[in-house]
Amino acid sequence: MDCLRSIQYLKNNGVEIDCFVSLNEGLNEGGGSYAINSDFFLGYVMPLLKDQYLHIMSKSYYGGQYRVSMNLPYDKVEILNDHEAYLAPNTFSDYRRFIDRAQVFQMTRTSTIREISIPSKIKVSVHHDSIWNHYDDLDVLGVSCISRDQRFFFESIHKTIELSRASIEGILNYCEVNKLERLGLTPWAKGKYASFIQKVRIYRADYPKKIQLFHLNKNDYKILKEYSEDKE
């Protein structure tokens with residue numbers, strides 16, 4: 001089963017992940033079209049990950065072709081073979097080229113919420129967390145995708161809008177027409193959110209009542225955090 005499509009199957013069957021391993025994904029000549037250790041995939045799988053789990057991967061596998069940051073809302077500590085929780089990467093593969101460079105990380109979930117002080121009818125908050133951890137609480141999710149295949153997949157998920165195909169004004173209007181209270185968004189504007197702040201300031205409709213902005217990388221939404229009421 002394709003990894004993206006497997007996530008809902010695993011959720012439906014109550015699976016929780018203690019150890020996440022990705023060493024040789026079959027990218028390029030193997031037919032793979034996305035990196036398993038990319039932000040977008042790890043964000044989507046995050047609801048299955050236990051609050052503390054092992055993550056085994058080889059960053060060198062990706063070269064410079066795929067963006068794999070592992071800059072996630074987790075405390076990440078590399079553990080070595082003398083640690084009681086260590087699992088040897090060669091347990092899972094004998095592909096020496098990447099096994100020899102593989103790392104084992106102990107991951108501990110963290111999250112922060114910042115309430116944003118923008119005078120508006122809408123309450124705005126920034127969450128260092130995956131939007132998919134809050135799918136059930138949100139009325140509509142706006143997500144940003146890179147490839148066409150990703151867009152097709154995420155657009156097929158109920159309540160989800162792909163941000164390259166919709167303007168913020170359009171999504172706000174959609175919430176107003178359908179009386180949707182809670183809107184969740186992932187980063188979409190490459191750090192340039194001045195126009196979004198202005199739209200929120202002048203917004204007068206009754207819906208949405210809350211906009212929750214989710215991010216994985218620590219430096220996302222930097223300009224919005226300047227309006228934070230609970231600065232770190």
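**Figure 1. The largest nonpolar core of the predicted model.** This core has 40 residues, and F20, F41, V45, W132 and F154 touch the most other members. Two or more residues each come from helix 1 (3–12), strand 1, helix 2 (39–45), strand 2, strand 4, strand 7 and helix 4 (148–155). Helix 2 gives the largest share, 5 residues. In soluble globular proteins, nonpolar side chains tend to be buried together.

**Figure 2. Surroundings of F154 and a second core.** Leaving out residues up to four places away in sequence, F154 touches L4, F40, Y44, W132, V143, C145 and T160. Another core, of 25 residues, lies apart from the largest one; among its members are I116, I122, I171 and L213.

**Figure 3. An open sheet of 4 strands.** The strand order is 1-2-4-3, and the pairing is mixed. Strand 1 (17–22) and strand 3 (74–79) are the edge strands, each pairing on one side only. On average, neighbouring strands of this sheet are turned by 25 degrees against each other, direction ignored. Strand 2 (residues 49–57) and strand 4 (residues 103–109) run antiparallel and are joined by 6 bridges. Within strand 4, T108 is the bridge partner of Q52.

**Figure 4. I131 in its loop.** The loop holding I131 lies between strand 6 (123–128) and strand 7 (140–143). I131 counts as buried because its relative accessibility is 3%, and the cut-off for buried is under 20%. Apart from neighbours within four places in sequence, I131 is in contact with L138, L141, G142, V143, G184, L185, T186 and F214. From I131 to N178 the C-alpha to C-alpha distance is 21 Å, and these two are 47 residues apart in sequence.

How values were computed:
Residues numbered from 1 in each chain as written. Predicted model: local features only at pLDDT ≥ 70, side-chain atom pairs only at ≥ 80, totals over all residues. Heavy atoms only, no water. Pairing = 2+ DSSP bridges. Axes fitted to C-alpha atoms, helices over the stretch in contact; angles between N-to-C directions. Buried < 20%, exposed > 50% of the residue type's maximum accessible area, 1.4 Å probe, protein only. Contact = heavy atoms within 4.5 Å. Core = buried A, V, L, I, M, F, W, Y, C linked by side-chain atoms within 4.5 Å.
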